[in-house]
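Here are some notes for a colleague who has not yet looked at this entry. Please read them with the sequence and the structure open.

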Amino acid sequence: MAAVTSLGETPITAQARVPRGMQSRRRRRLNVFRYVVFTLFGLFFILPPLAMLRFSLEGAKLGTWSVTAWRQIASYQGSGIPPLLSAIEISLELAVITCAVTLVLLVPTMIWIRLRVQWISRTFEFLCLLPLTIPAIVLVVGLGPIYNKIQHFSLSALMLFWVYVILALPYAYRALAAGLGAIDVTTLSEAARSLGASWLSVMTRVIVPNMRQAILNALLLTTALVLGEFTIAYLLLYNNLQAELYSISRNTPNAGVLFSTATAALLFAFVLLLILSFAGRRRRGRG
Amino acid sequence: MTSPLTRTQDTAARTAVEVRMEGLSRHYGPVVALDRLDLTLQPGELVALLGPSGCGKTTTLRLLAGLEDADAGGITVGGKDITRLPASKRDMGMVFQAYSLFPHMTVRQNVAFGLRLRRVAGAQRDKRAMDMLELVGLSSQADRYPNQISGGQQQRVALARALAIEPQVLLLDEPLSALDAKVRAQLRDQIRRIQLEVGITTLFVTHDQEEALAIADRVGVMREGRLDQLATPTEVYSRPATSFVAEFVGLTNRLPGTVSGATVTVRGRDLPLVDLATPPGPVTALVRPEAVTLASDSSGESGPLTGTVIASTFLGATSRVTVDLGDTTILAQLATSDATALPAGSRVTLTIRPDPVLVSADSAPEAEE
């Protein structure tokens with residue numbers, strides 16, 4: 001009997017130990033793999049900006065350090081309102097307008113589709129993702145005549161927001177769709193309706209507060225897109241931040257200025273997105 | 001000092017109303033979800049709608065809540081026609097099957113949400129919310145968020161939220177189905193206690209027969225968009241109106257028999273009929289397992305009411321014993337102490353208690369759930 005018990009117990013203990021050992025080895029290997037991948041991708045992303053920063057701080061002699069290129073960002077601009085400052089202002093305003101219009105268009109529409117007309121959700125998704133498949137140059141060719149008319153009336157570069165809203169649609173849509181998918185929109189809205197909420201209250205008081213993170217993600221993506229957009233603004237002859245940076249690179253004899261301004265723009269965008277991100281992560285609202 | 005319960009009772013009992021649904025129909029394309037349903041809830045009554053998936057019970061509740069529109073028919077609450085009224089204006093509290101608390105609000109804010117929409121002043125709103133939380137025993141959880149409390153607690157908060165607006169009607173859409181058995185039984189009793197205290201007219205939808213029988217004043221058994229029977233739990237169980245009701249509510253043995261006069265003869269035993277107008281001839285009699293008792297048979301003789309135990313299922317205080325009668329099997333529900341004396345392979349003699357039985361014209365006798 002003792003032999004039977006012993007025989008019965010030994011393999012169980014061994015079985016229990018082997019997977020645990022295998023598991024920890026596998027976990028260690030996975031961790032190593034994770035760190036390697038993280039380091040490689042980190043270097044891939046961080047090295048070009050670092051090189052750019054180093055180049056912008058290059059002195060007259062190779063290997064020396066200087067902040068001349070950074071000083072020239074301002075001095076290059078000449079007298080009056082510096083074009084770079086004006087370009088930054090325009091890009092920021094464009095980001096705000098594009099974000100606002102994109103959210104105002106997308107959020108209620110997506111909630112409404114989810115709640116009431118789910119059968120058109122696929123078509124809507126297709127329409128929103130369509131701009132991803134259209135190259136910027138094609139958009140410019142199509143929009144050129146319209147923007148020529150706008151320029152004829154001497155309207156500002158802020159009119160670019162129309163096309164930026166179209167460009168931002170796929171990114172904002174995906175971010176918002178993920179947020180909507182994470183909550184039980186139907187049950188929450190029915191619960192609110194049964195408690196006496198109008199459709200507007202359902203959206204503003206129940207659904208939107210629960211999409212906070214998704215809305216923030218959509219804002220971040222849209223802002224990043226607007227701040228980094230060059231092709232359309234340049235081809236339509238508007239002067240936004242990126243177009244101005246290009247203009248600086250073409251008009252200054254010191255190549256370091258291009259890199260100092262590019263680095264400054266990158267830092268500016270990074271800080272802005274960081275602020276937006278932290279602003280959205282504060283403690284949950286109190287209803 | 002008035003307790004929250006008494007205050008709720010005072011306000012809601014005054015407004016207990018009759019709910020009347022007449023000729024209510026609803027189609028989803030070619031599928032008939034509800035077929036000219038007539039159902040009346042008396043003031044302060046709790047009616048449970050019971051039935052299999054797709055029988056139309058949830059559709060009935062959603063039409064009453066205004067979450068869907070009826071294709072035909074009308075709904076009146078307290079004599080007022082609300083058929084075309086939107087959900088937000090129907091003054092009904094609802095508890096859903098899925099957890100429906102607003103995740104971004106605390107428990108207190110959830111309960112106060114309906115009052116806020118009604119522009120109730122802040123202090124009064126908070127007081128009412130706390131009263132309701134006290135009613136469901138969750139005042140200590142007021143400042144927690146839904147994801148910080150258990151499923152059972154969430155459903156209790158949902159109940160408090162539904163009652164906070166002092167609705168005319170309370171609608172419960174399978175509120176216990178996501179909970180484990182113990183919490184479900186506790187919350188079921190709590191819902192019933194609160195409903196009785198508040199005295200609010202309530203429609204409770206469930207697919208769990210035990211839940212329906214335990215909680216309701218009347219149970220409506222639905223099939224294919226129609227009510228097969230609407231009666232007290234005792235009547236539904238002991239005098240089912242149709243074979244579907246008999247088979248859906250509780251276990252039923254289907255045994256061949258012959259009707260003659262007011263009785264049906266099943267395996268040599270005469271049993272009284274529920275429906276005295278049943279025409280004579282061969283039928284299938286529906287016999288409850290608890291109407292069957294077993295005794296050990298040492299004689300070794302065979303007969304229509306002797307058989308062999310082939311299985312026994314332990315259910316706690318009772319056990320379900322399956323007996324092979326040779327040509328068919330029969331289920332008997334016995335006290336566990338009696339069932340343990342009859343292990344598999346035992347020869348037994350059956351006795352069928354002469355309760356009124358329902359018969360159906362179809363054959364294929366067997367025990368069904």
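1. Burial in chain A. This is a predicted model, and in it chain A has 287 residues, of which 27% are buried.

2. Secondary structure of chain A. A count of the elements gives 12 helices and zero strands. Read from the N terminus on, chain A therefore runs α-α-α-α-α-α-α-α-α-α-α-α under the helix and strand assignment used here.

3. Contacts within chain A. Take the contacts in chain A whose separation is 6 or more: 77% of them join residues 24 or more positions apart.

4. Domains of chain B. Chain B is split into two parts, with domain 1 covering 4-238 and domain 2 covering 253-368. Between the C-alpha centres of domain 1 of chain B and domain 2 of chain B the distance is 39 Å.

5. The contact between the chains. How many residues does each chain give to the contact? Chain A gives 18 residues and chain B gives 20 residues. On the side of chain B that touches chain A, two elements of chain B, strand E6 (92-95) and helix H3 (107-117), give two or more residues. H3(B) supplies the largest share of that side, namely four residues.

6. Residue types on that side. Which kinds of residue make up the side of chain B that touches chain A? There are 13 nonpolar residues, six polar residues and one charged residue on the side of chain B that touches chain A.

Key: Residues are numbered from 1 along each chain as its sequence is written. Chains are lettered from A and ligands numbered from 1 in the order in which they are written. This is a predicted model: local features need pLDDT of at least 70, side-chain atom pairs count only at pLDDT 80 or more; totals for chains, interfaces and linings use all residues. Domain bounds come from an automatic or database domain assignment. A residue is buried if 20 or more other C-beta atoms lie within 10 Å of its own, exposed if 12 or fewer, and partly exposed in between; C-beta atoms are placed from the backbone. Two residues are in contact if their C-beta atoms, placed from the backbone, lie within 7 Å. Ala, Val, Leu, Ile, Met, Phe, Trp, Tyr, Cys and Pro count as nonpolar, Asp, Glu, Lys and Arg as charged, and the others, Gly among them, as polar.
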